[in-house]
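Hi,

Here is the structure I promised to send over. Have a look first, and then read on for my notes.

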Amino acid sequence: MLKRLTLPCLAVLLAAPAVSAKPIAFADGTTAMLEYGGDTMQEAQVFYAPSVRYSLGAGQLRLDAEEGAFTRNISYVRTNVLLKRWNLPRAQGNVFAFSGLGRAQSRQSGSDGGIDTVGQVGVQADYETLRIYTSGKVEWHHAESFTHRISTVQAGFAPYPHRYDGIATWLIAQGRQTTGGVYDGIEGALLLRLFAARRWGSVWVEAGPTTDGKLQAMTMFNF
Amino acid sequence: MLKILTAALLTLATTLAVAGAPQSITMKVDGLVCAFCAQGIEKKLKEFPATDGVFVNLEHGLVAMGLKAGLDVPDATLTSTLTEAGYTVKGISRSEQLLADIAKAHSP
């Protein structure tokens with residue numbers, strides 16, 4: 001039973017690191033994100049950054065597992081902090097930390113399950129130029145019934161240096177390892193990432209297959 | 001006759017002053033690599049009453065803003081704004097070049 005509950009819960013929590021964009025885009029900016037991860041999760045998230053140093057937000061995640069027999073919904077609040085930024089002539093590096101608190105409610109075969117409080121802390125570092133993108137993220141999740149660590153790395157390249165008013169194209173390879181004996185090996189994904197800045201805001205679209213043959217897709221708006 | 005001469009001189013002086021006034025500000029900025037994040041710069045610069053358009057060139061690490069006639073923004077304010085936006089300003093210069101011409105010169 002514990003494993004049946006832990007699996008979907010982990011999948012829910014995996015949804016957050018699938019988005020390795022910067023958790024703070026710009027000061028006085030709002031970020032809204034929608035994600036679809038295979039047949040197992042859907043997520044909506046909104047962050048507001050009063051300063052480039054931190055952002056605050058909330059999200060709602062839904063997990064479906066066991067062909068719909070298991071569903072878990074998590075509501076959470078989270079804060080992100082920019083610990084350090086390196087601005088170089090044609091590159092930028094960042095270190096972020098984040099923490100959050102959530103409430104998870106499960107439903108198994110039509111019956112309501114228990115409510116879990118989930119805490120999360122993590123750190124993310126990235127380095128990018130106009131042609132190269134790399135990032136690494138480690139986060140820990142703790143609830144009364146489970147604790148685990150998720151490590152995610154991304155590396156990608158842009159076939160051309162994008163213009164500010166143009167469309168940026170990136171090809172991103174992702175690898176992820178999870179402790180806790182839930183997922184064996186490293187799960188990979190190959191993503192096509194497109195984004196563009198417009199007068200009303202910015203839009204980001206990302207999609208690609210995972211090594212399990214599932215679709216991973218995400219869209220994000222900044223305004 | 002004296003009034004006409006005075007008016008003419010004032011018009012000439014105003015014209016010369018405007019002709020010599022900067023039309024744009026160009027800033028060299030480090031860390032400018034992502035359009036998704038650099039949008040914050042444009043958003044902040046457009047809040048100044050003096051701003052008449054913003055141009056960003058990621059490849060050259062350049063941010064330029066057009067100036068409305070007779071208006072300007074102090075260097076310290078610009079530096080502070082871009083620093084708060086998360087970037088490092090390496091240089092600020094003013095010119096009589098129009099923003100459209102700067103954009104044209106830095107576009108492929």
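What share of the contacts in chain B with a separation of 6 or more comes from residues 24 or more positions apart? The figure is 68%. Bear in mind that this is a predicted model.

While we're on chain B, here is how it is built. You'll find four helices and four strands in it, and going along the sequence they come in the pattern α-β-α-β-β-α-β-α. The chain has 108 residues, and 42% of them count as buried. As for its outside, the accessible surface of chain B is about 5600 Å², with carbon and sulfur atoms making up 64% of that.

How far the predictor trusts all this: chain B has a mean pLDDT of 86, and 82% of its residues get to 70 or more. For the complex, the ipTM is 0.80 and the pTM is 0.79.

Over in chain A, I picked out one residue, Gln120(A). It sits in strand 6, which covers residues 111-128. Is Gln120(A) buried or exposed? It counts as buried, because its relative accessible area is 10% and the cut-off for buried is under 20%. Leaving aside residues up to four places away in sequence, Gln120(A) touches Arg78(A), then Phe98(A), Ser99(A) and Gly100(A), and also Glu139(A), Trp140(A) and His141(A). If you open the model, Gln120(A) and those contacts are a good place to start.

Cheers

Methods: Residues are numbered from 1 along each chain as its sequence is written. Chains are lettered from A and ligands numbered from 1 in the order in which they are written. This is a predicted model: local features need pLDDT of at least 70, side-chain atom pairs count only at pLDDT 80 or more; totals for chains, interfaces and linings use all residues. Side-chain values use heavy atoms; hydrogens and water are left out. Helices (H or I, at least four residues) and strands (E, at least two) are DSSP runs, numbered from the N terminus. Buried means under 20% relative accessible area, exposed over 50%, partly exposed in between (1.4 Å probe, protein chains only). Contact means heavy atoms within 4.5 Å. Accessible areas come from the Shrake-Rupley method with a 1.4 Å probe; for residues, only the protein chains shown count as cover. pLDDT is the predictor's confidence in each residue, from 0 to 100.
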